[in-house]
Every structure is written in structure tokens, then in C-alpha cells.
Amino acid sequence: MTTISLGIEGTAHSFGVGIVTSEGKILSNEWDMLKPDKGGIHPREASRHHSEIGPTIISEAVNKAGIGFRDIDIIAFSRGPGLGPSLRTTATIARTLALKLDIPLVDVNHCVAHIEIGCLESKFNDPVTVYVSGGNTQVIAFAGGRFRTFGETLDIAIGNMLDVLGRELGMGFPAGPIIETIAKDGENYHNLPYSVKGMDLSYSGMLTAAKKLHSENVSIPDICFSVQEIAFGMLAEVAERAVAHTKKSEILLTGGVARNNRLTEILTGVSERHEVEFHRVSPSLAGDQGAMIAWNGILQYKAGHQISVENSHVLPKWRTDDQDIIWRQSL
Ligand code: ATP
Ligand code: FE2
């Protein structure tokens, strides 16, 4: 019998609702993002955004899916990691819906959901995942019942680095896509700190150095070009080592920064050198959205997991490797 899951994502500044069936069909995936005028995201404003827009997005998702509220079998929500106020508002909406409809509530790890939606789309079984977004930069592989973080940023995430640099260069938010476009006009390569430490990466030194290039009147296209080449080259090195070490045969690129074509090109090169398969999650599923939460909710629920409202407090620091992946125990 088909199970229909409504998934709610709201870990940061985006609020999304997706409806997905147990066959993996995405019936709808609606979302809205709070765009900060300047500076970063204010957690309180993000949570206000979620509570104001939440009911509308939920109705839109249900309508678009062509179902009624009574057709929904489970409510899944992003329990963490993320900003406390955003997570609490999202969880409150999810609990209310689950109680009102009298159906199970399933708590989903946001990072794990980015991986599983990629596996659904690519049909990959067991990839090395390069998960790159505004808040996260991780190279992950499944081992011993959990998604292990083989390498990650020691300071800021790659998307955050691009957004902060973009702000400095006078670009709008999010800056990642703008930097990608402008980098195509870059001609000269400028040295920036290439910082891979073991399997981990660091982007804060690159950010400082790129700002310095700007103050020295290096052209913006050259800065964008150099930042992309070096930042993505670092990721390629870590991904390459993870593949060599784990001997896995698939590389999955997911998260908002996965929309970048140059990064995709570089990782395609890695996969060809190692003769492994490569998949970049399609743009509509790469960033934060509810379908990934809905789908992960189904996997968890089918494996026998749900959570009571009383125990569903949010987990702002929930790590990728902190969850037993019960639906993959056979791997
Ligand atoms: P998470 O909570 O997983 O950290 P997030 O809140 O950052 O996610 P996402 O939608 O996954 O949200 O990612 C947004 C990031 O992706 C932003 O930093 C944005 O600049 C970056 N991004 C989007 N498109 C591109 C692109 N074409 N090239 C580089 N970066 C991009
Ligand atoms: Fe995300």
C-alpha cells in the first residue's frame, strides 16, 4: 500500500513543504526563502518568516499534489541541525499537523535527507557524498550503520564563504550563482590559501585572502575564478581520497552549491579518473526543500521509526553521524 508523506523543512531561512509517496514519487515541493537585506540571517526573523508563510506553503503543497489532508499518512520534519528558532517553529507546525490529523510524526536529520534524496534520484546505493551548502561542507560515506563524515570544513561552509565574499563584492544574496557566472570572465589565476588538513578543509583563510585581493583592485571576475578553482579543487582532493579509501563506486554531489556547473565538472573528472559513477542532484532538489524530508521520513517510518510529540524537541547540533541509519542496516 502506498504511504504518503508530507515533509517540512525549516532549518534555516528557507521554509519548504514536499509531498512524496513511498514509491518515491514527488507529488509537490513548494518553498519560500527569506532573503536578508544585508548581513546574515537573523534567526528570529527566519522563524517569524516560517510561522507567517508556513500555513500558505502547506496548503499550496497539498493542493499541488492533488490530494486532501486526510490522504496524508505521516508528517516528517527537519529536527536538526540548524538555527534553534527556525527549527522550533518548524517542529511546532509539524507537531500540530500530526496531532490534528492523528498520524505519525517522524523526525529527520537534514543532512541525511540531502543524501537520501540524492540516492532516490540517482538510484545510487552507497555513494561517497559531497554535501555542500550554505551551512555545511562534508564528504560522507556510509559505514558501520551510520553516515560517517570523512572530511568536513573546520570553519565556515563553502556556500557561506561564497555568500560572504559576494556581499563584500557588492553582490546580492545568494552570491554563489552570481560568482559562478562572473567567474566565466576570469582570466588570471591568483593564489589563495589551499587548505586541506588531512581529510578536512578550511575556507576562512581563502575568504580573508580573497577580500584582500579585492582591496588590491584585482578584477572581480579574476577573484571569482580563482576562488572557485581553488575551493572546488580542495573538495575534489578530499572526495578523491574518500573514494580511494572506501572503495565505493559512486560519487553523489548534493546541497545548494551542487547547482554549480564548474564544481560538477571537476567532480566528474574525479569520477572518471577513479572509474566510478557520478551524479549531481538536480537543481530543484539540491537545495533545502521539503521533498527530501518527506522521502527520508518514509524510509525511517518504513523501517519502524516514529517519534512522540513529547520527545520531539529539536536538535540544533544534530550531526550527520549521530543517527543510526536503521533503513540501511543491511548494507
Ligand atoms: P544547509 O542547511 O544544508 O546548510 P542552506 O541553508 O545553505 O543549506 P541550500 O539551499 O542547500 O541552503 O544552499 C544554499 C547555498 O548554495 C548558498 O550559499 C548559495 O550561495 C549556494 N549556491 C546556490 N547556487 C549556487 C551555484 N550555482 N554555485 C555556487 N553556490 C551556489
Ligand atoms: Fe540544506
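The following questions and answers walk through a predicted model of a protein with a ligand.

Visitor: How many residues surround ligand 1?
Guide: A residue is taken as near a molecule if one of its heavy atoms lies within 4 Å of it. The closest residues to ligand 1 are Tyr-131, Ser-133, Gly-134, Gly-135 and Asp-163. Counted in full, the residues that surround ligand 1 number 22.

Visitor: Of the residues of the shell around ligand 1, how many are nonpolar, how many polar and how many charged?
Guide: Glycine is placed among the polar residues in this division. On that basis the shell around ligand 1 divides into six nonpolar, twelve polar and four charged residues.

Visitor: Which residue has a side chain with an N or O atom 2.9 Å from an oxygen atom of ligand 1?
Guide: Two contacts of ligand 1 use the backbone instead, for an oxygen atom of the ligand is 3.1 Å from a polar backbone atom of Gly-176, and a backbone N or O atom of Gly-256 lies 3.0 Å from an oxygen atom of the ligand. The side-chain atom at 2.9 Å belongs to Asp-288.

Visitor: What percentage of the accessible area of ligand 1 does the protein cover?
Guide: On its own, ligand 1 has 640 Å² of accessible area. The space that ligand 1 takes is the largest pocket, and the part of its area covered by the protein is 91%.

Visitor: Which elements give two or more residues to the shell around ligand 1?
Guide: The shell draws at least three residues from each of domain 1 (4-110 + 288-328) and domain 2 (115-284). The elements that give two or more residues to this shell are α3 (110-122), α4 (158-168) and α5 (176-183).

Visitor: Where is Pro-174 found?
Guide: The peptide bond from Phe-173 to Pro-174 is cis, with omega near -5°. Another cis bond runs from Gly-80 to Pro-81, and Pro-81 has its place in the loop between β4 (74-80) and α2 (84-101). Pro-174, for its part, is found in the loop between α4 and α5.

How values were computed. Residues are numbered from 1 along each chain as its sequence is written. Chains are lettered from A and ligands numbered from 1 in the order in which they are written. This is a predicted model: local features need pLDDT of at least 70, side-chain atom pairs count only at pLDDT 80 or more; totals for chains, interfaces and linings use all residues. Side-chain values use heavy atoms; hydrogens and water are left out. A polar contact is a pair of N or O atoms within 3.5 Å; within protein, one must be able to donate a hydrogen and the other to accept it, and residues adjacent in sequence count only if both atoms are side-chain atoms. Accessible areas come from the Shrake-Rupley method with a 1.4 Å probe; for residues, only the protein chains shown count as cover. On a 1 Å grid over the protein atoms alone, a cavity is a set of points where a 1.4 Å probe fits but cannot get out, and a pocket is an open set with protein on both sides within 12 Å along at least five of seven lines; lining residues have an atom within 4 Å of a point. A molecule sits in a cavity or pocket if more than half of its atoms lie within 2 Å of its grid points. Helices (H or I, at least four residues) and strands (E, at least two) are DSSP runs, numbered from the N terminus. Domain bounds come from an automatic or database domain assignment.
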